[in-house]
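Subject: Handing over the structure

Dear colleague,

I am passing this structure on to you, with the sequence and the coordinates shown just below. My notes on what was found in it come after that.

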Amino acid sequence: MDYFQYITPVLSPEVLLVIALGTLGGIVIGALPGLTATMGVALLVPMTFGMETVKGLSMLIGIYVGGIYGGCISSILIKTPGTPASAATVLDGYPMAMKGQAGKALGMATIASAAGGLFSAVVLATLAPQLASVALRFGPTEYFALALFGLTIIASLSGDLVKGAMAGMLGVLLSCVGADPISGAARYTFGYTGFAAGFSFTPALIGLFAISEIFVQLENIFEDRVAMVKVSGVWPTLAELRESAGTMLRGSIIGTAIGIVPGVGSGTASWITYNETRRASKTPEKFGTGHMPGIAATESANNAVCGGALVPLLALGIPGDVVTAVLMGGLMIHGLAPGPLLFQENPGVVVGLFTSNFIANLFMFVFGMAGIAYFAKILLVPKKILTICIALFCFIGSYAINLNPVDLYTMLGFGVLGYGMQKFGFSQAALCIALILGPMAEANLRLGLLNVDNDILRFCSSPITLLFLALTPLSLAWPILQERRAKKKAALATPSQETRT
Amino acid sequence: MKRFASGIAAVCLAGFGLAVAAPAQAAEYPARPVQIIVPYNAGGGTDLAARVLAQTLEQYLGGTVIVRNQPGGGGSIGTSATLHAKPDGYTLGTGSQGPLVMLPQYGGIDYAIDDVDFLALMGRNLMVIAAGKDAPFKNAKEFLAYAKAHPGELTVGNSGAGGANHVAIEGLAMAADIKLKSMPFGGSVAAITATLGGHIQAVVAHPPELANHVKAGNLNVIMVMEDKRVAEFPDVPTTEELGIDFTWAAWKGIIAPKGLPADVRAKLVSALDKSFHDPDFLKKMKDMGEDIDYRPSDAYKALAMKDSAVAQKVIRAIGMYNMNAKK
């Protein structure tokens with residue numbers, strides 16, 4: 001089939017302009033804490049109704065790709081994830097910025113994001129129909145096993161296992177607020193209708209990371225210390241790139257795979273990749289102190305999810321998350337139904353979308369690298385003004401998602417919680433993971449059991465389920481084994497002291 | 001800095017002045033944009049239909065009509081906002097069946113179906129049962145036979161506990177004297193995906209959601225909950241034919257809070273009537289796969305009330321009545 005005729009319309013100046021604008025807009029939206037890619041796409045989708053199909057959808061894809069990338073900018077510079085997908089980038093990104101390497105951190109993040117995005121774009125274009133069938137293999141038991149495996153990351157992330165477990169359990173408990181997924185009964189709402197649907201995830205996350213960070217900053221706000229951070233260089237050295245190359249490949253594969261499974265998301269992908277990279281690394285203790293592979297891992301994974309999520313959408317007509325659901329709406333209003341027939345009846349649209357996904361990633365790379373010097377200038381803004389601006393965007397962003405004032409209370413509540421957690425050494429990352437994966441684990445566990453009439457053997461019968469269930473205890477045991485290995489190393493390193501006594 | 005401050009002061013005064021001047025111009029309705037609140041996220045069926053309607057309505061109403069999304073609470077938050085708004089004709093809502101007929105029966109909702117002024121029914125969403133490719137039944141008769149032979153084992157997915165699809169399948173089971181296993185998923189898409197993957201045997205959903213999967217041969221529509229056969233599936237039997245005394249369809253339309261001034265209401269109703277007969281509008285909706293079944297105010301209200309009574313019976317039977325009410 002002559003694909004070239006479908007690619008050339010996308011390369012026309014107006015479509016390229018629209019993709020560039022979308023990507024740039026997405027980067028800005030993603031970078032501002034409080035505004036997310038999802039919101040950007042949802043707000044701008046009506047604008048695309050009047051445009052012709054490929055043009056309008058290309059712009060949305062640009063916003064999606066740019067938005068997921070943009071979150072890393074604020075994660076690295078101000079310890080505040082711009083989007084939920086980049087929450088994991090804070091762990092190594094911010095310490096690097098504090099060490100004066102903000103530019104390099106942003107450079108690595110941009111390269112990793114582009115690598116992940118381009119990888120999944122290529123996978124999407126070549127293997128979409130084949131991979132789509134993988135999406136279908138995930139039923140309730142598989143989702144439960146995946147979520148359980150994801151939850152074990154909490155064990156490795158938190159310095160103090162007990163505190164991490166407590167944070168995780170609190171997260172799961174908080175995720176139970178709202179409607180019971182199986183019976184529909186309202187839980188823990190105390191009769192307050194505003195919480196009938198539980199805590200809205202994005203405002204909770206904004207509160208947990210951004211608002212709590214604002215509270216922390218408020219303690220020192222009047223000591224307007226001159227930013228000690230320098231922006232040294234933008235391109236990571238060749239050695240650093242080589243160090244992270246394997247990580248980026250890992251992140252791209254995991255991200256694409258998770259993107260294909262509907263409903264899991266970029267946040268989970270970046271956490272899982274971070275954890276796996278740390279496990280595979282020869283120097284796991286460096287992670288969390290400003291280690292480049294940490295950034296490479298999270299950013300390549302979360303951008304790879306974008307391409308992956310388009311696989312079930314285009315090949316099966318199954319949207320994996322809110323953004324792809326909006327894209328599906330966009331397709332349908334143009335009279336196009338995504339699904340296996342779309343490839344046969346409208347190959348132009350499909351190839352057009354693959355191409356714009358690819359191009360959007362290229363634009364993202366260019367704008368990202370070019371803009372790093374400007375992004376980093378944010379650090380020179382006096383803390384007082386910066387904090388106020390961030391707070392403003394958090395409020396606007398949280399409210400704009402659902403136009404529901406309850407979301408603002410959620411944001412503030414989680415902000416206070418996050419502040420308390422930081423003060424007492426509890427991992428906010430653990431709570432975040434639990435908030436994402438808790439509902440997925442609970443709903444699917446109960447659905448799965450309902451499906452097999454509580455027969456545990458039948459529950460565990462599928463290969464994918466068994467795979468993740470087997471990985472779970474390994475993942476849990478790993479930090480304990482690590483501690484023991486470290487203790488052994490320490491004991492071996494000081495034999496002289498022992499002989500003295 | 002001083003100039004900046006005085007600039008801001010000037011803008012504030014101007015804005016204040018405009019705000020004060022506006023009510024004086026309480027002239028022709030609509031004097032400002034009319035908003036239709038959609039209680040679901042952008043991009044969904046109701047949202048898209050509302051947006052297309054808004055475009056058409058603008059021409060007949062003579063003013064701007066915008067759509068505002070206020071999702072949450074299964075549609076209750078947006079619906080509540082509509083019903084608590086000032087009844088001046090500038091805030092309308094998409095009266096969807098779920099939030100109006102079902103949610104109030106579960107309790108914990110701050111409005112009731114009696115607070116609604118039904119303006120116009122837009123369309124109905126048929127309720128069909130579709131079987132997966134590898135399900136142990138290929139048509140309605142086999143479905144019923146299988147259900148009777150394996151009570152409580154036949155898994156049918158739905159879009160969520162207490163939703164229209166759930167109530168519909170439970171009502172059908174009651175009327176057909178069979179026991180099914182309802183599997184509530186987080187939305188139709190998740191339920192349909194699970195059926196496609198063979199994790200559950202059937203799913204109850206609306207035709208547009210199933211269309212491309214049926215065309216691709218991955219799902220098989222076996223039953224329609226109507227009393228007459230439908231054009232999209234001329235070979236699929238209806239519940240009426242099978243001797244099951246139960247039909248159900250979800251619907252959506254335009255509602256307003258009670259208490260609209262008579263002239264405003266008349267204007268709205270007439271504009272809506274014209275919109276629903278506009279050929280351009282009908283074509284766009286058809287392309288989107290939406291069934292337009294326009295009914296004026298009284299017929300709409302009658303349908304809603306009838307469904308509310310049936311729903312109450314089913315909801316009481318499955319034990320969900322008032323489960324969320326303040327005790």
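What follows goes from chain B as a whole to its sheets and domains, then to its contact with the other chain, and ends with one helix of that other chain.

Please keep in mind while reading that this is a predicted model.

Chain B as a whole

Chain B has eleven helices and eleven strands, and its C-alpha trace spans about 80 × 50 × 40 Å along its principal axes. Of its 327 residues, 52% count as buried. Among the contacts in chain B between residues at least 6 apart in sequence, 74% join residues that are at least 24 apart.

The chain is divided into domain 1, made of residues 32-125 + 249-317, and domain 2, made of residues 128-224.

The five-stranded sheet

One open sheet of chain B has five strands in the order β7-β6-β8-β5-β9, and its pairing is mixed. Its edge strands are β7 (181-184) and β9 (219-224) of chain B, each of which pairs on one side only, and the twist from one strand to the next averages 30 degrees.

Strand β5 (residues 128-132) of chain B runs antiparallel to β9(B), to which five bridges join it; here Ile129(B) stands opposite Met223(B). Strand β5(B) is also joined to β8(B), again antiparallel, by four bridges, and in this pair Ala130(B) has Val203(B) as its bridge partner. The pairing of β6(B) with β8(B), by contrast, is parallel and rests on two bridges, with Val203(B) as the bridge partner of Gly157(B). Val203(B) is thus a bridge partner of Ala130(B) and of Gly157(B).

Which way do the residues of β8(B) point, and are they buried or exposed? Ala202(B) and Val204(B) point one way, while Val203(B) and Ala205(B) point the other way, and all of them are buried.

Helix α7 (residues 188-196) of chain B packs on this sheet, where it touches β5, β6 (155-158), β8 (202-205) and β9 of chain B, and its direction makes about 155 degrees with that of β8(B).

The six-stranded sheet

A second open sheet of chain B is formed by six strands in the order β2-β1-β3-β10-β4-β11, also with mixed pairing. The strands at its edges, each pairing on one side only, are β2 (65-69) and β11 (295-296) of chain B. Strand β4 (residues 116-126) of chain B and β11(B) run antiparallel and are joined by two bridges, and Ala120(B) stands opposite Pro296(B) in β11(B). Helix α9 (residues 262-277) of chain B lies across β4, β10 (249-257) and β11 of chain B, and runs at about 15 degrees to β4(B).

Where the two domains meet

The centres of domain 1 and domain 2 of chain B, taken over C-alpha atoms, are separated by 27 Å. Across the boundary, 14 residues of domain 1 of chain B are in contact with ten residues of domain 2 of chain B. On the domain 1 side, the elements that give two or more residues are α4 (97-106) and α11 (297-317) of chain B, and the largest share, five residues, comes from α11(B). The residues on that side divide into eight nonpolar, five polar and one charged.

The contact between the chains

How many residues does each chain bring to the contact between chain B and chain A? The contact takes 42 residues from chain B and 42 residues from chain A. On the side of chain B, at least two residues each are supplied by α2 (45-61), α3 (76-83), β7, α7, α8 (207-215) and α10 (279-288) of chain B. The largest share, five residues, comes from α7(B), the helix that also packs on the five-stranded sheet. The residues of this side of chain B divide into 19 nonpolar, 17 polar and six charged.

One helix of chain A

Helix α12 (residues 266-280) of chain A has 15 residues, which at 1.5 Å a residue should span 21 Å, and its end C-alpha atoms are indeed 21 Å apart. Twelve of the 15 residues are buried, so α12(A) is largely enclosed by the rest of the structure. The buried residues, among them Trp271(A), Tyr274(A) and Arg278(A), pack against α4 (53-78), α7 (140-151), α8 (153-157), α11 (238-260), α13 (292-316) and α19 (428-451) of chain A.

With kind regards

Terms used:
Residues are numbered from 1 along each chain as its sequence is written. Chains are lettered from A and ligands numbered from 1 in the order in which they are written. This is a predicted model: local features need pLDDT of at least 70, side-chain atom pairs count only at pLDDT 80 or more; totals for chains, interfaces and linings use all residues. Two strands pair if DSSP finds at least two bridges between them. Axes are lines fitted to C-alpha atoms, for helices over the stretch in contact, and angles run from 0 to 180 degrees between N-to-C directions. Two residues are in contact if their C-beta atoms, placed from the backbone, lie within 7 Å. The expected span of a helix is 1.5 Å times one less than its number of residues. A residue is buried if 20 or more other C-beta atoms lie within 10 Å of its own, exposed if 12 or fewer, and partly exposed in between; C-beta atoms are placed from the backbone. Domain bounds come from an automatic or database domain assignment. Ala, Val, Leu, Ile, Met, Phe, Trp, Tyr, Cys and Pro count as nonpolar, Asp, Glu, Lys and Arg as charged, and the others, Gly among them, as polar.
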